[in-house]
Amino acid sequence: ARGAEDHAGERGRLLHARPPRKAALCGQGQEPEEAGRDLRQRPHAARPPATHDRGHGIGRGDHDGGRVEALLLESNMIKRLKPHYNILLRDDKSFPYILLRRGHRWPQISKYRGAKSGQGDYFGPFASAGAVDLTINALQRAFPLRSCSDSVLESRTRPCLQHQIKRCTAPCVGRIGKADYDVLVEEARAFLAGRSRQVQRRLTDRMTAASDALEFETAAAYRDRIKALAHIQMRQGINLPSMGDADVVAIHDEAGQACVQVFFFRSGQNYGNRAFFPRHGADDTPEAILRAFIGQFYSGREAPPLVLVNRSLEEAPLLAEALTLKAGRRVKLHRPLRGAKRKLLEDAERNAREALARRLGESTAQRRLLESLAQRFELEGAPDRVEVYDNSHISGTDAVGSMIVAGPEGYIKSAYRKFTIRSTAACDPATPGDDYAMMREVLTRRFSRLIKEDPGRSGESWPDLVLIDGGAGQLGEARRVFADLGIADLAVAAIAKGPERNAGRERVFLPDRPPVALGARDPLLYFLQRLRDEAHRFAIGTHRAKRAKARVRSALDEIPGVGPRRKKALLHRFGSARGVSQAGLADLETVDGISSAVARAIHDHFRADR
């Protein structure tokens, strides 16, 4: 395991050493190979202190209490230290939620990802941000609550487009009363909490009553809301009201790889599923992989009351106790053998099998392309990590650089990096858009940091091939950067479009060799085009985001002490930032919320360069 010396002291304090063949979380001076595999073989490890609180239904003595805490410690340490020879879940992304925010006169419904520190009701987790967006869009047709920010709400003087398309009741301009809005909030909360039938029955009764009273427009509005609710339930697929909150976890292994499929059910509603591909050894059994996956998956998130699995786990009671201890309530780990829950597990296992088959097919094709790349570029072997660099700007403004990473398993998006161009040479008005200077800065920053963090190249961050979007000039800049940094053995190439930037006639520039023109139907050409286009996409997206942020930024945002409220008051009083800049000190002091000190700061800010 790499970086063991940095953590040896901490490991030694936490766990005793294992036998030399499988050294676990080791003491000072020992070199670990594995971090915490089969902790059940070390019941003496990580004993809890005598005063340990055995709440949450765990009271089976010191021996089991120590094993539970050791199991939790093992999962946390494996995720944090990433030892090479352990089963490792590499996807640490948090899952998105729907947040129905409280603490405001007009509660807001929005997508949320992160710690649940805000005041409100969280519904989820959902498998993807796209699933949350689709659900919120449908929810707004059924419960037209606001989704805008507080600052937008307070600055509106007329209804926005959301109100025009009947997805918001426009509380910003008083189109709905507080009592009626609160009813919508409570109905949305009840629906997301799983009481959908109760909400639909209530809406149906109102629609019928409105129709009987000949209020057909009102009845039609209720009809549309009922249809929107039905659409949400239909899109969610399998829903089991009796299920409550549960996760369905199924594993399938084949050809030395494994896929774990997780389905999320909350309040009996299917919130989607996601596939995971944990790293593991060739001799690890599916049961061992699933046990390690569950421990690491729930080390950073709260487990639901029920977790269904498709394998019998030796340590299921111990694992359930560990999840219970972490969640603060009882968590049951169960393998059903019949009924609807068994059918769910079969569906999840089929999804895992199909996802793994797709991944194996893609991985095989990707490896063949990397081997072809190594042969054509005369590399020592097929590259495991290819880094592609590109720049994006408009005449030197909002200039950014980007790095994308690809390997045998496809794109490694967690390793993507953005670079804001800082050097004045790259953005010199005399030579706007100096791509060479930008590429020089990006590569210098990237590899200077690599040399500092991993001079021995013992980690996985060093690329086997650097691919530059450009021609001979960009390749020359890259070689000069590497020469300046003392990097002599790194493969580098540049790919440029053909005459008139014609895609399909690309040329590849290699050091000390004539350009290579690949055939129009060569699979390697398509592979290089995909790498270059992905770098394009990432660079252009980063540039557009930066440009959009700069476009909406006001000169008032640069003044210390002027926040959204004062900014709004100033703009209402003077009409624009230019009007504020031309206002006198006495005029500024007459604006509500602007003290004499703040007025002086605003006045001096606009006159600093005069």
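**A tour of salt bridges and a buried asparagine**

Select arginine 206 first: at 26% relative accessibility this residue counts as partly exposed, in a model that is predicted rather than experimental. Now add glutamate 187, which forms a salt bridge with arginine 206, the closest N and O atoms being 2.6 Å apart. Because glutamate 187 lies in helix 6 (residues 178-192) and arginine 206 in helix 7 (residues 196-212), the pair ties together parts that are 19 residues apart in sequence.

Keep glutamate 187 selected and bring in arginine 225, since a salt bridge joins these two as well, with the closest N and O atoms 2.7 Å apart. Arginine 225 belongs to helix 8 (residues 216-235), and the pair links distant parts of the chain, 38 residues apart; both residues are buried.

Next, move to arginine 532 and glutamate 506, whose salt bridge has its closest N and O atoms 2.8 Å apart. Here arginine 532 sits in helix 14 (residues 523-551), while glutamate 506 is found in the loop between strand 14 (491-496) and strand 15 (507-509), so the pair ties together parts that are 26 residues apart in sequence. Both arginine 532 and glutamate 506 are buried.

For a network, select Arg102, Asp121, Glu186 and Arg189, which salt bridges link together.

Then go to asparagine 270 in strand 6 (residues 269-276), where the side chain of asparagine 270 reaches the backbone nitrogen of glycine 272 at 2.9 Å. Asparagine 270 counts as buried, at 12% relative accessibility.

Finally, show the whole protein chain, which has 18 helices and 16 strands; of its 610 residues, 46% count as buried.

Technical notes: Residues numbered from 1 in each chain as written. Predicted model: local features only at pLDDT ≥ 70, side-chain atom pairs only at ≥ 80, totals over all residues. Heavy atoms only, no water. Helix = DSSP H or I, 4+ residues; strand = E, 2+ residues; numbered from the N terminus. Buried < 20%, exposed > 50% of the residue type's maximum accessible area, 1.4 Å probe, protein only. Polar contact = N/O pair within 3.5 Å; in protein donor to acceptor, adjacent residues only side chain to side chain. Salt bridge = Lys/Arg side-chain N within 4 Å of Asp/Glu carboxyl O.
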